[in-house]
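Welcome, and thanks for taking a look at this one with me. Please open the sequence and the structure side by side before reading on.

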Amino acid sequence: LNEMVQYHIGEELHESDYAHLFGLKVIASMKKIADELSEEYGIRLPLEQTPAESTAYRLAMLDMKHYPLQASTVVKGDKKRGEIYYTNSTYMNISAPISPIERVKKDGRFHPLIEAGALTHIWLGESRPNAKSIANFVRKTFFNTQNAQIAFSPEFTHCMSCGKVSRGLHERCPYCKSSDVDGITRVTGFFSKVSSWNKGKLGELRDRRRDDLNNFRD
Ligand SMILES: [Zn+2]
């Protein structure tokens, strides 16, 4: 959605209220069509937010192949490395400089239109927020936004040499300095090893904005 909006009106979802509203209108139209088809065929066709572990990469690759002039103006990631991707689902640009609560609020405006799988990630990196900050954040999400689901997503490094797991993604193990390490973080909804990811997801990981929730207050 983000790149479609960007292509048509020249701004990404997070860049203006107009862009955000345009995105909401598109999803509202899709919901209306899904409801009409459900009625027509007598089966339930819910509008769902998919995790799209590989789709965001695949569609970006296909568009770059068939529509290189158009796609290259909006596609995200590192084109030289071939690590390109589209922003998944109704999410905003993963590197957008907006606060986590603002992201939860804006993402959440889409959630009443989506009947399955709606989720906002709070990428924590190596930070380890205290219980009070997390509680404040959850309370604020619950009472002040329409967001259906949030996930606090930290990152880890697993060392193949000494076997220890450390917080955050590192090039070298902080314990034994070995470079034989693998990252562990959520690819979409579940945790997995970074070495198994496709190029599109690797590009997205490089762009991922991390937030430290410590000292988050109401
Ligand atoms: Zn180690």
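The points below go through the zinc site, its surroundings, the largest pocket and a few single residues.

1. Some ground rules to begin with. This is a predicted model, in which local features need pLDDT of at least 70 and side-chain atom pairs count only at pLDDT 80 or more, while totals for chains, interfaces and linings use all residues. Residues are numbered from 1 along each chain as its sequence is written, and side-chain values use heavy atoms, with hydrogens and water left out.

2. A good place to start is the zinc ion. Its protein donors are the SG atoms of Cys 159, Cys 162, Cys 173 and Cys 176, at 2.3 to 2.4 Å. Donors here are N, O and S atoms within 2.8 Å of the metal (3.2 Å for Na, K and Ca); water is not among the atoms, so sites may look incomplete. The arrangement is tetrahedral because the 4 donor atoms subtend angles of 104 to 116 degrees around the zinc ion; four donors earn that word if all angles lie between 85 and 135 degrees.

3. Along the chain, the donors of the zinc ion are spaced as C-x2-C-x10-C-x2-C. Distant parts of the chain are linked by the pair Cys 159, in strand S5 (residues 156-159), and Cys 173, in the loop between strand S6 (165-167) and strand S7 (181-186), 14 residues apart. Helices (H or I, at least four residues) and strands (E, at least two) are DSSP runs, numbered from the N terminus.

4. How buried or exposed are these cysteines? Cys 159 counts as buried because its relative accessibility is 1%, and Cys 173 is buried too, at 2%. Cys 162, at 35%, counts as partly exposed. The cut-offs are under 20% relative accessible area for buried, over 50% for exposed, and partly exposed in between (1.4 Å probe, protein chains only). The structure holds 0 disulfides, a disulfide being a pair of cysteine sulfur atoms within 2.5 Å.

5. The loop between S6 and S7 deserves another look. Leu 169 lies in this loop and is partly exposed, at 32% relative accessibility. From Leu 169 to Val 181 there are 12 residues in sequence and 9.4 Å in space, C-alpha to C-alpha. Lys 177 is in the loop between S6 and S7 as well, and it counts as exposed because its relative accessibility is 52%.

6. Two residues have a backbone angle to check. Most residues other than glycine have a negative phi. Lys 177, however, is not a glycine and has a positive phi of about 70 degrees. Ser 89 also has a positive phi, near 55 degrees, and sits in the loop between strand S2 (83-85) and helix H5 (100-108).

7. Now for the largest pocket, which holds about 610 Å³ of space. On a 1 Å grid over the protein atoms alone, a pocket is an open set of points where a 1.4 Å probe fits, with protein on both sides within 12 Å along at least five of seven lines; lining residues have an atom within 4 Å of a point. Grid points are joined across faces, edges and corners, and the volume is the space filled by probe spheres set on them.

8. Which residues lie nearest the centre of the largest pocket? They are Leu 1, Met 4, Leu 59, Thr 87 and Ser 89, out of 28 lining residues. Helix H1 (2-9), helix H2 (17-41), helix H3 (55-66) and helix H4 (68-71) each give two or more residues to the lining, and H1 gives the largest share, 5 residues.

9. Finally, Lys 76 in strand S1 (residues 76-78) is buried, with a relative accessible area of 10%. Lys 76 and Val 165 are 89 residues apart in sequence and 31 Å apart in space, C-alpha to C-alpha.

Key. Four donors count as tetrahedral if all angles lie between 85 and 135 degrees; four count as square planar and six as octahedral if opposite donors are over 155 degrees apart and all others between 65 and 115; anything else is irregular.
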